[in-house]
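Here are some warm-up exercises on chain contacts and one helix. Try each task before you read its solution.

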Amino acid sequence: MRLKDFPEEELFLQGSAACQGCPGSAAIRVAFKALGRNTILSVIASCTSVFQSPFPVSALDLPTLNMAFATGGATASGLSAAADRLVAKGVLKEKPTILVWAGDGGTYDIGIQALSGAAERNTDFIYVCYNNEAYSNTGTQRSGATPYAAWTTNTTRGKGEWRKDVAQIMVAHGIPYVATASLAYPTDMFRKFARAKEIKGTRYIEIQAPCPPGWKFPSSHTIKVARLAVQSGMWMLYEHENGKTTYTAGTQRIIQGQSKLVPVEEYLRAQGRFGHLFHPERDEKRIGEIQERINHVFETLQFTHKMKEHIMDIELAPPR
Amino acid sequence: MPKRKRKAAEEIGFVTTLSVPSEGSVGLTGSWRIFVPVLDAERCNKCLLCWIYCPEACIGKDIRIDYDYCKGCGICAEECPRGAITMVKEEKKQ
Amino acid sequence: MRLVETGNHVAAWGARLARVEVVSAYPITPQTQVIEEISRFIDEGEMDCEYIPVESEHSAMAAMIASAAMGVRSFSATSAHGLAYMHELLHWAAGIRLPMVMVNVNRALGPGWNIWCDHQDTLAARDTGWIQIHCASHQEILDSIIQAYRISEDPKVNLPVMVCYDAIFLSHNYMQVEVPDQETVDRFLPPFRSLWSLDLEHPLTHGSVIYPDDYEEVRYSMFQGLENAREVIKTAAEEYREKVGGYHGDLVDAYRMEDADHALVAMGSVASEARVAVDMLRERGYAFGLVRVRSYRPFPAEELAAFLAPLRTAMVIDRSISFGMEGPLFSEVKAALYGRGGVSVYDIVTGLGGRDITYELIAENAVAAAEGGLEPRTTWPSVRINEHHLLSKRGVEGLRGKGGAS
């Protein structure tokens, strides 16, 4: 779908409490456009709890249940079961989309149990993790999604551990649909939400959400940083359905050799949270470690891609 | 606030934390702005990237900028592939 | 229909007759039979209901809040550690002002693991904004669950109700109950209603940030809801007696109080034991009666004061302890009597972790209280420290500081 075909209706109303350049509200706009009005929303404790604006008004124009931090998956199970009852009784003509909107703290850390439980029950809902790679709402503390070497207020010299990969954990649950998305690729994101809407069962979409105050870059660079993340291989775009992973948009182009990986240094230099890797002196070791990991992943994917093409050639060759 | 929604709120006759969807839920956020986006309509090819990237839904599909709510983040100017939007220091409001 | 069943199965019948549509629960001893029986009802097509087998009690409560928010009658059941684990969401469930009912089987908290009865779990949930009804018999469990929906869904209340009954004594023992038929219950309990729900026609946002300017009013409204519940509980009990049959008191349940000089105050299944004690004390010439607190929240302060203030003695039986203070029921009974009458109030803490409370023990302490021979503070009449309790007597004390016993 092209941008001009996106619905015009805004279900996130202007004049909210979101920071300038907020990736959360930017992501919500695209998601809501793809899902439409027939959606029940639950917002799990996160920046979105705040930027929807305080009582007695709200920037969210969908029926919304704000819920406690660790409840995302379970809330969806309750909403979905009740919606099934209302459909069975004829109160609702069709089942609304159940959408849970959570941050990386509510997904990677405190909420992973409820999410895993809901996925195992194959609760019929879309779970969105907008991942700003830290507890931004409480002032940027490390989370399970914070990348290696990133500064946060409780990893002042850079996080010592590598982030975990919840999208892959969700793939391992065998749910019908898992996708990752980037703000810089709105048509790719929109298509993934539209695809998710068509499917029944647990669907998981994770959006990388570069946070200007948390990651320390100017508010005008939200999209630029999101794009660099994909171009450098720090964030990968794919969708997983029927046991098969398909890489999409910028990530697909790199794997297929249409574009080259941007050195990760460019991505790191764009953000103050990695500033200590460059000042007062260059931290070759950690920059090298990060680049090496990315290279390893992409070399493998590129090799697999070439092998597949090669195998296809053999299969398609006419019999002699 | 649309009438329909106000009515729904009034029907709830007891106190609980129910909020009504509203534009300007924290007021006219245009007052947050230091730099203001200015569109050069001649250069604009209506690619709609600014429309979809704006985190505050302040640019219409007709590329009209809503200065009441634009927070001045500068994403539209940064992302415009034609350089049709520039950020200029806002005149001090009276 | 007459059944001889466990209290847990009777609770499942309560949910079934209340036409519950969504159940979310996680198994915990001694509550498990409740959810086993409900899933059997569903599997056999006897109950038209969605059952969500959640992965924790925290999630059980989250799912129940969500289904209630969709406008559907919801039920859950838990006990002890489960109730403690969902504590955060007990506050959320009450604050959201939606009707729902949960059963809690009163059980002791670890460590060590103890699946038997006391009231520590329930009383620790006292200040969450839930209504708490404590039952003393199987019939009361059934009747109270049905009444609980009526109370919870009353527009003046809109708060969740916890129906509490004692582990093992009520949860697992078999007793005879009269199960009313569905049409009779339907005449008493109208279809689900709530003051708000997640409505696609009227999208509203529930539970966002609220500033000091507005928060207090929300809490005051909850306080008022619980105050309103006093009348609603009484009406529900009366109407249930008329339309369905069966009465177990309203906020309190009194026994032989008409001409009493002294009273026992108790909660839950121990009231049966206390009745026996009352009869025995009467035979010995002590005019005791019994006031059973049925509704712990809202607390029946006026009712208790009316019964107890004119008396000479009141002895509270507490099945839990507020560490650093005294028996919690004792505190509240005294607070209810503040500035009224000259009644002397005594307290025994006993029956923790399922220890048997005998009518002899009750009677013996009641006599001491009536004769002024009991200390006017919390006493622990059934504590007996044996040699195997003491590290020093077991030869393990010397291991301290050496990395523990290995």
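**Exercise 1.** Which residue follows α10(C), and is its phi positive or negative?

*Solution.* First, some ground rules: this is a predicted model, where local features need pLDDT of at least 70, side-chain atom pairs count only at pLDDT 80 or more, and totals for chains, interfaces and linings use all residues. Residues are numbered from 1 along each chain as its sequence is written, while chains are lettered from A and ligands numbered from 1 in the order in which they are written. Helices (H or I, at least four residues) and strands (E, at least two) are DSSP runs, numbered from the N terminus. Now look just past α10(C): you land on Gly285(C), and its phi is positive, near 95°.

**Exercise 2.** Work out how far α10(C) reaches and which of its residues are buried.

*Solution.* Step one: α10(C) covers residues 270–283, so 14 residues, and the expected span is 1.5 Å times one less than the number of residues. From first C-alpha to last it reaches 20 Å, close to the 20 Å expected.
Step two: call a residue buried if 20 or more other C-beta atoms, placed from the backbone, lie within 10 Å of its own. Val270(C), Ala271(C), Glu273(C), Ala274(C), Arg275(C), Ala277(C), Val278(C) and Leu281(C) pass that test.
Step three: when you read such a list, keep in mind that an α-helix has 3.6 residues a turn, so residues three or four places apart point the same way.
Step four: the cover over these buried residues includes β10, β11, β12, β14 and α13 of chain C.

**Exercise 3.** Take apart the contact between chains A and C.

*Solution.* Start with the count, taking two residues as in contact if their C-beta atoms, placed from the backbone, lie within 7 Å: chain A gives 36 residues and chain C gives 36. On the chain A side, α3(A) has the largest share, with 11 residues. By class that side has 19 nonpolar (Ala, Val, Leu, Ile, Met, Phe, Trp, Tyr, Cys and Pro), four charged (Asp, Glu, Lys and Arg) and 13 polar residues (the others, Gly among them).
Next, check for strand pairing, which takes at least two DSSP bridges. Two bridges join β3(A) to β9(C), and the strands run parallel. Leu65(A) has His206(C) as its bridge partner.

**Exercise 4.** How many residues do chains A and B each bring to their contact?

*Solution.* Chain A brings 34 and chain B brings 31. On the chain A side, the largest share comes from α1(A), with four residues. Here too strands pair up: two bridges link β2(A) and β1(B), which run parallel. Ser58(A) sits opposite Pro21(B).

Notes: Buried ≥ 20, exposed ≤ 12 C-beta atoms within 10 Å, placed from the backbone.
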